[in-house]
Amino acid sequence: MHLMERLQKDMKIKVNKAKEIEKAQNELDDCIESLSVLDNAVSCGFLFDKHNFAIQEWIKEYKKRIEELREFIENARTNG
């Protein structure tokens with residue numbers, strides 16, 4: 001492989017990685033905002049118990065996804 005071909009390939013990988021990090025960061029921001037909305041809904045105390053429990057499950061899912069996205073972003077930035 002010629003030097004120019006390797007450089008072009010490396011640039012594509014870096015651009016793709018940057019795009020993936022940006023997508024993950026956008027999703028992370030959305031998840032954090034969603035978590036805030038859900039937390040506020042629960043803290044108001046006016047929901048039916050069954051709805052409160054359902055939202056608690058959603059909160060767990062968002063927290064898990066937030067952790068996954070943070071790990072992905074950190075790994076992509078440090079290993080790239």
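# Salt bridges and two helices

Trainee: At 37% relative accessibility, what does Glu20 count as?
Mentor: The model is predicted. Buried means under 20% and exposed means over 50%. Glu20 has 37% relative accessibility, so this residue counts as partly exposed.

Trainee: Which side chain meets that of Glu20 in a salt bridge?
Mentor: Start with position: the partner lies three residues from Glu20 in helix α1, which means about one helical turn between them. The partner is exposed, at a relative accessible area of 53%. The N to O distance is 3.8 Å, and the side chain is that of Lys23.

Trainee: How many salt bridges does the structure hold?
Mentor: Side chains of opposite charge can pair when their charged atoms come close. Glu20 and Lys23 are one such pair here. The total for the structure is five.

Trainee: With which residue does Arg65 form a salt bridge at 2.8 Å?
Mentor: The closest N and O atoms of Arg65 and Glu27 are 2.8 Å apart. Arg65 lies in helix α2 and Glu27 in helix α1, so the pair ties together parts that are 38 residues apart in sequence. Both are partly exposed, Arg65 at 32% and Glu27 at 31%. The partner asked for is Glu27.

Trainee: Which residues do salt bridges that share partners join into one network?
Mentor: Arg65 also meets Glu68, at 3.2 Å, N to O. These two are three residues apart in helix α2, so about one helical turn separates them. Through shared partners, the network takes in Glu27, Lys64, Arg65 and Glu68.

Trainee: How far apart are the end C-alpha atoms of helix α2?
Mentor: Helix α2 runs over residues 49-78, which makes 30 residues. At 1.5 Å a residue, the helix should span 44 Å. The model agrees, because its end C-alpha atoms are apart by 43 Å.

Trainee: Which residues of α2 are buried?
Mentor: Of the 80 residues of the protein, 16% count as buried. To count, a residue must have under 20% relative accessible area. In α2 these are Ile55, Ile59, Ile66, Leu69, Ile73 and Ala76.

Trainee: How far apart in space are Asp39 and Ile59, C-alpha to C-alpha?
Mentor: Asp39 sits in helix α1, residues 3-44. Asp39 is partly exposed, at 34%, whereas Ile59 is buried in α2. They are 20 residues apart in sequence, and the C-alpha to C-alpha distance is 7.6 Å.

Trainee: Among contacts between residues at least 6 apart in sequence, what share joins residues at least 24 apart?
Mentor: The secondary structure comes to two helices and zero strands. One link between the helices is Arg65 with Glu27, 38 residues apart. For the protein, the share asked for is 72%.

Methods:
Residues are numbered from 1 along each chain as its sequence is written. This is a predicted model: local features need pLDDT of at least 70, side-chain atom pairs count only at pLDDT 80 or more; totals for chains, interfaces and linings use all residues. Side-chain values use heavy atoms; hydrogens and water are left out. Helices (H or I, at least four residues) and strands (E, at least two) are DSSP runs, numbered from the N terminus. Buried means under 20% relative accessible area, exposed over 50%, partly exposed in between (1.4 Å probe, protein chains only). Contact means heavy atoms within 4.5 Å. The expected span of a helix is 1.5 Å times one less than its number of residues. A salt bridge is a side-chain nitrogen of Lys or Arg within 4 Å of a carboxyl oxygen of Asp or Glu.
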